[in-house]
Amino acid sequence: MSKRECWLGRTPQDVIAQSRKIVVKIGSSTLAHEDGAVNREFLESLAKSVDALRALGKQVVLVSSGARVAGVSRIGKWSRKEDTNYKQALCAIGQVELMTAYSEIFSAHELFVGQILLTRDDFGVKERSLNIRNTLFTLTDEGIIPIVNENDTVAVEEIKVGDNDSLSAHTAVLWNADCLILLSDIDGIYDQNPKTHPEAKLIEFIDNLDETLSHIDISGKSDFGTGGIETKISATREAMGYGIPVILANGSTPDILLQLSEGTAPSTLFTNAAGKPEAED
Ligand code: ADP
């Protein structure tokens with residue numbers, strides 16, 4: 001995959017305006033209520049935004065977490081079980097809940113969804129990654145919204161991507177996305193954890209990741225979160241390595257994707273270039 005040489009867009013609205021292919025990653029804390037039930041209001045707002053982006057000629061791929069918490073909420077037990085087979089069983093149950101909610105809510109906007117479950121191995125084997133790429137292209141070319149998640153049933157530690165931030169970056173690279181949007185429970189990257197430091201300051205623009213990281217504190221994560229900011233940073237590093245800008249924003253902001261495209265919501269934009277984008281597929 002070639003690295004995009006340059007990118008015109010120093011604000012999230014410029015980046016979204018110039019992007020045709022957008023990957024959106026939705027974290028567990030955005031997708032589920034505190035009791036683990038699927039946040040249907042969020043999905044309604046997401047469906048409306050995806051519909052609006054599609055009307056502007058854009059294609060969207062979703063990478064969605066939340067299977068395990070949805071599983072706990074569905075059967076009301078095993079939340080404290082730490083053994084892998086129970087975790088995988090919860091994901092198997094919760095994945096159905098999740099996809100049912102996506103399918104019901106998106107179909108109200110006449111949007112069809114398709115499920116893609118992946119493990120790390122799938123990206124490492126040429127033939128498999130080509131198949132994933134072809135499926136993503138076919139679904140999006142036909143106007144269907146792919147929803148990607150880790151295949152938790154088969155993903156034991158050795159073959160796990162490990163977190164959906166990385167999964168979303170791998171997906172963005174494989175699909176040749178123009179930008180990656182990570183939705184979490186915070187407005188972006190702060191100079192320290194905003195959950196524990198109310199005085200933390202939002203950093204809205206980052207074009208030198210290492211320099212920024214040298215003077216901020218990124219420890220801590222949300223109750224449901226798997227990776228915290230660290231995995232978002234490594235996903236961002238991967239995407240930026242291919243010239244794909246990344247926007248980190250708050251999924252609980254109403255109609256967040258539309259607000260980002262209009263420049264009315266706070267966020268952090270990570271980008272490493274300033275020129276005009278290549279005209280490519
Ligand atoms: P998600 O489930 O949405 O992927 P995570 O819980 O994995 O979210 O990561 C987001 C969490 O990272 C925030 O809720 C916040 O508590 C924590 N965090 C730690 N340091 C920072 C920081 N410097 N800026 C923003 N968030 C931070």
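**Note on helix packing, buried positions and loops**

1. In this predicted model, Arg40, Leu43, Glu44, Leu46, Ala47 and Val50 of helix H3 are in contact with Ala101, Tyr102, Glu104, Ile105 and Phe106 of helix H5. Sorted by class, this contact between H3 and H5 has eight nonpolar and three charged residues, with no polar ones. Two packed helices are described by the angle between their axes and the distance between the axes. Here H3, residues 40-55, and H5, residues 84-107, pack at an angle of about 50°, and their axes are 9 Å apart. That angle makes H3 oblique to H5, and the crossing in which H3 passes H5 is right-handed.

2. A second helix pair is formed by H8, residues 164-174, and H10, residues 228-241, whose axes come within 8 Å and cross at roughly 15°. Because angles under 35 degrees count as roughly parallel, H8 is described as roughly parallel to H10. The crossing of H8 past H10 is right-handed. On the H8 side the contact is made by Asp165, Ser166, Ala169, His170 and Val173, and on the H10 side by Gly228, Thr231, Lys232, Ala235 and Glu238. In terms of class, the contact of H8 with H10 holds three nonpolar, four polar and three charged residues.

3. Helix H10 can also be considered by itself. At 1.5 Å a residue, its 14 residues should span 20 Å, and the 21 Å between its end C-alpha atoms agrees with that expectation. Which residues of H10 are buried? They are Gly228, Ile229, Thr231, Lys232, Ile233, Ala235, Thr236, Ala239 and Met240. After H10 comes Gly243, which has a positive phi near 75°.

4. Helix H7, residues 126-141, allows a similar check, since its 16 residues at 1.5 Å each should span 22 Å and its end C-alpha atoms are 22 Å apart, in agreement. The buried residues in H7 are Ser129, Ile132, Leu136, Phe137, Leu139 and Thr140. An α-helix has 3.6 residues a turn, so residues three or four places apart point the same way. The buried residues of H7 pack against strands S1 (21-26), S2, S3 and S4 (145-150), as well as against helices H6 (120-124) and H8. Just after H7, Gly143 takes a positive phi of about 80°.

5. Ser64 deserves a look of its own, as a residue of strand S2, which covers residues 59-64. Is Ser64 buried or exposed? With a relative accessible area of 1%, Ser64 is buried. When its neighbours within four places in sequence are left aside, Ser64 is in contact with Ile26, Leu31, Leu98, Tyr102, Ile147, Val148, Asn149 and Asn164. Tyr102 is also one of the H5 residues that meet H3.

6. The loop between H5 and strand S3 (113-118) contains Leu111, and Glu110 is found in that loop as well. Leu111 is buried, with a relative accessible area of 2%, whereas Glu110 is exposed, with a relative accessible area of 68%. Beyond its neighbours within four places in sequence, Leu111 is in contact with Ala47, Val50, Asp51, Arg54, Phe106 and Ile145. Of these partners, Asp51 is 60 residues from Leu111 in sequence, yet the two are 7.5 Å apart in space, C-alpha to C-alpha. Ala47, Val50 and Phe106 also take part in the contact of H3 with H5.

7. Two residues are worth checking for their backbone angles. Most residues other than glycine have a negative phi. Glu110 has a positive phi, near 55°, and is a residue other than glycine. Asn176, which is not a glycine either, has a positive phi of about 60°. Asn176 is placed in the loop between H8 and strand S5 (179-184). Its relative accessibility is 19%, and because buried means under 20%, Asn176 counts as buried.

8. For the chain overall, there are 11 helices and 10 strands. Of its 281 residues, 50% are buried. How are contacts spread along the sequence? Among contacts between residues at least 6 apart in sequence, 74% join residues at least 24 apart.

Technical notes
Residues numbered from 1 in each chain as written. Predicted model: local features only at pLDDT ≥ 70, side-chain atom pairs only at ≥ 80, totals over all residues. Heavy atoms only, no water. Axes fitted to C-alpha atoms, helices over the stretch in contact; angles between N-to-C directions. Helix = DSSP H or I, 4+ residues; strand = E, 2+ residues; numbered from the N terminus. Parallel < 35°, antiparallel > 145°, perpendicular 65-115°, else oblique. Left-handed = near helix turned anticlockwise from the far one by under 90°. Contact = heavy atoms within 4.5 Å. Nonpolar A, V, L, I, M, F, W, Y, C, P; charged D, E, K, R; others polar. Expected span 1.5 Å × (residues − 1). Buried < 20%, exposed > 50% of the residue type's maximum accessible area, 1.4 Å probe, protein only.
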